[in-house]
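Good morning, and thank you for making time for this. I would like to walk through one model with you slowly, so please keep the sequence and the structure in view while I talk.

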Amino acid sequence: MKTFQSLTEREILALAISLEEEDARIYADFAGALEADYPEQAAQFRKMRHEEDGHRHRLLELYQQKFGEHVPLIRRQDVRGFVNRRSVWLGKPGLKTVQRTAESMEVETRHFYLAAARRTTDASIRQLLGDLAEEESSHAETAEKIAATSMSAGEKAQAKRLFLLQVVQPGLAGLMDGSVSTLAPLFAAAFATHSSSSTFLIGLAASVGAGISMGFAEALTDDGSLTGRGRPWTRGFVCGAMTALGGLGHTMPYLIPNVKTATSIAVGVVLVELCVISWIRHRFMDTPLVSALLQVLLGGALVFLAGILIGNS
């Protein structure tokens, strides 16, 4: 890598051309990544991309006048002092990440132009670099405004839909599975062994096992490419964690040595869990609250009774 102070005026212009081309392509990638979910922000990034293209053309014209047609390929990674940027194509960045990245990009580019203008002695090059520094200042303000822009009604609805698909649905599925499916083995163990410690270990194993199973099942069944449900392993983690949490909720009371007391508390915890599940379905899935309560409580009661019958058999 070379130091910025060692660059010639020709190399500084070549680096500026490369930076503007890279920034324009990044903004185009940002616009493409946001188009489906945040069309208004995507349009602003397309506008910034066109402005960066205009900067590149002005730099190229001046370079051709001063140094000819050949522009050496000098990139940011060839010069010390630039911030490394993660390639957009490696993942789908979120709105906040894109907004923060754009703001930092413009601030960095402005600082580059100011430093470059101080290092040049050619009047025309110095003038262009100074003008671009001022224009990058307005770009930084634009990027800051994009970061502060509140979403429109349509974008808020889309964001809510993504939150439902990527967080609420896998989390709810995990919580329901963990809260309901672990009831039978837990209470069967309690009534069969009459031992809090044994019941706790069985409940712990069932909860952790169910969490791992549900996490992998969620992650491997849908990669999100067609359904728009987001990163599969993120959904798998949410689903698996909520599954384990749902089972551990009514397992923890069995840390109490008295099995009857522990069972009474565990039953109360189960009722709370089922009510929480019903409220989530009502709040986020538009299910009538009474209907959600009846469905969840009925399923929980059936599994609970199955555990008691098996434990007493």
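When I say helix, I mean a DSSP run of H or I that is at least four residues long, with strands being runs of E of at least two, and both are numbered from the N terminus. What you see is a predicted model, in which local features need pLDDT of at least 70 and side-chain atom pairs count only at pLDDT 80 or more, while totals for chains, interfaces and linings use all residues. Residues are numbered from 1 along each chain as its sequence is written, and side-chain values use heavy atoms, with hydrogens and water left out.

Let me begin with a single residue, alanine 188, which sits in helix α6. Is alanine 188 buried or exposed? Its relative accessibility is 12%, so alanine 188 counts as buried, where buried means under 20% relative accessible area, exposed means over 50%, and partly exposed is in between, with a 1.4 Å probe and protein chains only. Contact, for this talk, means heavy atoms within 4.5 Å, and, leaving aside neighbours within four places in sequence, alanine 188 is in contact with Leu183, Gly307, Ile310 and Gly311. One of these partners deserves a second look, since the C-alpha atoms of alanine 188 and glycine 311 are separated by 3.8 Å although the two residues lie 123 residues apart along the chain.

Staying with α6, I turn to its packing against α9. Two packed helices are described by the angle between their axes and the distance between the axes. The axes here are lines fitted to C-alpha atoms, for helices over the stretch in contact, and angles run from 0 to 180 degrees between N-to-C directions. The axes of α6 and α9 come within 11 Å and cross at roughly 160°, which makes α6 roughly antiparallel to α9; the classes are under 35 degrees for roughly parallel, over 145 for roughly antiparallel, 65 to 115 for roughly perpendicular, and oblique for the rest. This crossing of α6 and α9 is left-handed, a term used if the near helix is turned anticlockwise from the far one by less than a right angle, with right-handed used if clockwise. On the α6 side the residues are Leu183, Phe187 and Ala190, and they meet Val259, Thr263, Ala266, Val267 and Val270 in α9. By class, that contact of α6 with α9 has seven nonpolar, one polar and no charged residues, where Ala, Val, Leu, Ile, Met, Phe, Trp, Tyr, Cys and Pro count as nonpolar, Asp, Glu, Lys and Arg as charged, and the others, Gly among them, as polar.

Helix α9, residues 259-284, also packs against α10, residues 289-312, with axes that come within 8 Å and cross at roughly 145°. Here α9 passes α10 in a right-handed crossing, and the contact of α9 with α10 divides into 11 nonpolar, four polar and one charged residues.

Just ahead of α9 there is a loop, between α8 (232-249) and α9, and proline 253 lies in it. With 9% relative accessibility, proline 253 counts as buried, and, not counting residues up to four places away in sequence, proline 253 touches Ala262, Ile265, Ala266 and Val269.

A further buried position is serine 179, in helix α5, residues 153-181, which counts as buried because its relative accessibility is 0%. Beyond its neighbours within four places in sequence, serine 179 is in contact with Gly246, Gly247, His250, Glu273 and Ile277.

Now to the other end of the chain's numbering. The axes of α1 (residues 9-34) and α2 (residues 39-67) come within 8 Å and cross at roughly 160°, and α1 and α2 are therefore roughly antiparallel to each other. The residues of this contact of α1 with α2 divide into 18 nonpolar, two polar and 10 charged.

Which residues have the most contacts inside the largest nonpolar core? They are Phe4, Leu15, Leu59, Phe112, Tyr113 and Leu129, in a core of 25 residues, a nonpolar core being a set of buried Ala, Val, Leu, Ile, Met, Phe, Trp, Tyr and Cys residues joined through side-chain atoms within 4.5 Å. The largest share of this core, seven residues, comes from α1. Apart from it lies another core, of 19 residues, among them Leu175, Phe187, Val270 and Ile277.

I will finish with histidine 194, in the loop between α6 and α7, which counts as exposed because its relative accessibility is 56%. Phi of histidine 194 is near 55°, a positive value in a residue other than glycine. Most residues other than glycine have a negative phi.
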